[in-house]
Amino acid sequence: MADALTKKEERPAEVTTAERTRSGVTYSPRFDIAETDEELVLYGDLPGVAPEDLDIRFEDRELTIHGKVRPRHDDVDFLYAEYGIGDFYRSFTIGESIDAQKISAELKNGELTLHLPKAEEVKPRRIEVKTS
Amino acid sequence: MLTTRWQPFGSMMAEMNRLREEMDRLFSRFGWDGGRLLARATYPPLNLWEDEDNLYVEAELPGFELSELEITVTGENQLSLKGERRQPELQGGTWHRQERGYGSFSRLVELPHPVDADKVTAELKHGVLTITLPKREEAKPRKIEVKTG
């Protein structure tokens with residue numbers, strides 16, 4: 001099960017799904033992924049992304065997350081820079097059957113929480129054992 | 001007064017390696033605490049810039065509320081940023097991926113100019129922290145009047 005979620009793109013520079021019209025660097029956001037009997041839960045760090053600038057799609061078992069980061073500074077000369085600013089993009093292939101209609105997402109303070117409920121047929125069932 | 005360690009650079013990303021070395025050098029100064037060597041502080045990464053009146057320090061801190069961060073300025077030019085990030089609780093499941101870091105962090109940076117500690121403000125928006133540090137008067141650039149004869 002640990003391999004069910006495979007990271008498709010690690011390096012932002014190699015994202016080849018479509019050419020972007022806007023120049024700039026795209027970063028791969030960090031994610032934590034948990035699985036329970038009921039669902040997959042993804043927690044992602046998307047600092048600087050407003051809820052209206054976040055685009056999440058789920059199609060053919062492929063989950064894509066694209067967060068646009070609006071420029072925060074105009075022509076600033078950084079005295080010191082430890083990180084770059086750019087859009088976030090990442091996609092995952094989901095091995096589990098997901099009930100796409102019930103996917104829900106919340107973006108709060110730049111932290112994304114994404115719930116992917118499993119389809120009924122793949123949820124584990126507890127087998128009642130009868131005693132005679 | 002220390003010699004300046006913050007050098008203005010043109011292209012920021014191209015200079016990352018050099019910046020990292022600068023930073024390591026900077027933090028080695030704070031690496032001792034009563035003889036115990038502390039782990040090098042690198043979280044959160046910071047960007048720093050200025051205009052005539054203020055210094056600005058920015059950090060990406062997704063998932064935080066401003067009240068969870070401890071921001072202090074001491075000795076006119078030492079900025080300290082502390083906080084703790086906790087992992088979401090998971091009941092009856094397993095983690096497949098854990099790429100985000102957790103735990104408490106503390107960063108101490110030496111600012112390139114003395115600042116007015118009483119007037120420092122901080123804003124946290126969509127997980128991006130911006131600290132505005134007004135420069136002290138003596139650090140502001142002065143326009144020199146040139147008299148024509």
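Here are short exercises on a predicted two-chain model, each with a worked solution.

Local features here need pLDDT of at least 70, and side-chain atom pairs count only at pLDDT 80 or more, while totals for chains, interfaces and linings use all residues. Residues are numbered from 1 along each chain as its sequence is written, chains are lettered from A and ligands numbered from 1 in the order in which they are written, and side-chain values use heavy atoms, with hydrogens and water left out.

**Exercise 1. The contact**

Task: Find how many residues each chain gives to the contact, and what area is buried.

Solution:
- Step 1. Contact means heavy atoms within 4.5 Å. Chain B gives 45 residues and chain A gives 42 residues.
- Step 2. Buried area is the accessible area (1.4 Å probe) that two parts lose on being put together, summed over both. For chain B and chain A this area is about 3,800 Å². Carbon and sulfur atoms give 53% of that area.

**Exercise 2. Polar and charged pairs**

Task: Count the salt bridges and the polar contacts between chain B and chain A, then locate two of the salt bridges.

Solution:
- Step 1. A salt bridge is a side-chain nitrogen of Lys or Arg within 4 Å of a carboxyl oxygen of Asp or Glu. The structure holds 20 salt bridges over all chains. Between chain B and chain A there are 10 salt bridges.
- Step 2. B:Arg85 forms a salt bridge with A:Glu111. Their closest N and O atoms are 3.0 Å apart.
- Step 3. B:Arg100 forms a salt bridge with A:Asp32, with the closest N and O atoms 3.2 Å apart. This pair crosses between chains: B:Arg100 is in the loop between E7 and E8 of chain B, and A:Asp32 is in strand E3 of chain A.
- Step 4. A polar contact is a pair of N or O atoms within 3.5 Å; within protein, one must be able to donate a hydrogen and the other to accept it, and residues adjacent in sequence count only if both atoms are side-chain atoms. The chains share 27 residue pairs in polar contact, both residues at pLDDT 80 or more.
- Step 5. Now take the side of chain B that touches chain A. Helix H1 (16-28) and strands E3 (46-50), E4 (54-60) and E7 (94-98) of chain B each supply at least two of its residues. Helices (H or I, at least four residues) and strands (E, at least two) are DSSP runs, numbered from the N terminus.
- Step 6. Sort that side by class. It has 24 nonpolar residues (Ala, Val, Leu, Ile, Met, Phe, Trp, Tyr, Cys and Pro), 9 charged (Asp, Glu, Lys and Arg) and 12 polar (the others, Gly among them).

**Exercise 3. A sheet across two chains**

Task: Give the strand order of the open sheet of 5 strands, and explain why one side of each edge strand lacks a neighbour.

Solution:
- Step 1. Two strands pair if DSSP finds at least two bridges between them. The order is E9(A)-E10(A)-E4(A)-E3(A)-E7(B), with antiparallel pairing.
- Step 2. Strand E9 (104-108) of chain A and E7 of chain B stand at the edges, each with a single partner strand, so one side of each has no neighbour in the sheet.
- Step 3. Neighbouring strands are turned by 15° against each other on average, direction ignored. Axes are lines fitted to C-alpha atoms, for helices over the stretch in contact, and angles run from 0 to 180 degrees between N-to-C directions.
- Step 4. Strand E3 (residues 31-35) of chain A joins E7(B) by 4 bridges. A:Glu35 stands opposite B:Thr94 there.
- Step 5. Strand E4 (residues 39-45) and strand E10 (residues 111-117) of chain A pair over 7 bridges. A:Gly44 stands opposite A:Leu112.
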